[in-house]
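Subject: Structure for your review

Dear colleague,

Here is the structure we talked about handing over. Please open it alongside this message, and read the notes beneath it with the model in view.

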Amino acid sequence: MSETLRATLSAAGILFFMVLIFWGAHYATKLVGQGTIRNQETGCKLEILGRTMLGKEQALVIVRVGDTTLLLGVTGQQISKLEDLDPAQFADAEPKTEGQDFLHLLKDAWKQQKQTSGEEDTHP
């Protein structure tokens, strides 16, 4: 086999594997971007119900893990649980990633929590 043919086949093989890697990365981000991640070992389902960015690397996220709904604070360095939310408030919520939907979910949860605790709603 000539050197030019060998070099051409080698370059084609490298290009094929690079395309395969990029396709795999695209497919993986598509799965994660749908808002549902399932742990293969435990079968536990994690759904991102809403997210709003507060800064460059700061966000508030509402997640459902199994039967638990949580409000999380997320930064580039850590994830902190801020509040346990009532799962009944989000029973029919579909996974979302848009900020306005998150604010709507959070405001509704805040109002319902205030109503059940008997306090007046002082937030807009």
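The notes below cover the strands and then the aromatic residues. Please keep in mind that this is a predicted model.

Strands

Strand β3 covers residues 58-65, and 6 of its 8 residues are buried, so the rest of the structure largely encloses this strand. Strand β3 has pairing partners in β2 and in β4.

Strand β2 (residues 45-55) runs antiparallel to β3, and 8 bridges join the two. They form a hairpin with 2 residues between them. If you want a place to start looking, find G55, which stands opposite Q58 of β3.

Strand β4 (residues 68-74) also pairs with β3 in the antiparallel sense, here over 7 bridges. One residue pair to look up is L60 and its bridge partner in β4, G73. The hairpin of β3 and β4 again has 2 residues between the strands, and G66 takes a positive phi near 65° there.

When you inspect side chains here, recall that in a regular strand they alternate between the two faces of the sheet.

Aromatic residues

A pair of aromatic rings is described by two values, the distance of the centres and the angle of the planes. The count of aromatic pairs comes to 2.

One is F16 with F17: the ring centres are 5.5 Å apart and the planes stand at 70°, so this pair is edge-to-face. The cut-off behind that label is an angle over 60 degrees. The other is W23 with Y27, where the centres are 5.7 Å apart and the planes are at 10°, so the rings count as stacked. Stacked requires planes under 30 degrees apart.

W23 and Y27 both belong to helix α1 (residues 3-33), where they sit 4 residues apart, about one turn of the helix. F16 is found in helix α1 as well.

How buried or exposed are these side chains? F16 and F17 are both exposed, with F16 at 52% relative accessibility. W23 is at 54% and therefore counts as exposed. Y27 has a relative accessible area of 45%, so Y27 is partly exposed; the cut-off for exposed is over 50%.

These four residues also come up together in another result: F16, F17, L20, W23 and Y27 make a nonpolar surface patch of about 610 Å².

Regards

Methods
Residues numbered from 1 in each chain as written. Predicted model: local features only at pLDDT ≥ 70, side-chain atom pairs only at ≥ 80, totals over all residues. Heavy atoms only, no water. Buried < 20%, exposed > 50% of the residue type's maximum accessible area, 1.4 Å probe, protein only. Pairing = 2+ DSSP bridges. Phe/Tyr/Trp six-rings, centres within 6.5 Å; stacked < 30°, edge-to-face > 60°. Patch = residues over 30% accessible without salt bridge, like charges linked within 9 Å, V, L, I, M, F, W, Y side chains within 5 Å. Areas by Shrake-Rupley, 256 points an atom, 1.4 Å probe, with all protein chains shown as cover. Salt bridge = Lys/Arg side-chain N within 4 Å of Asp/Glu carboxyl O.
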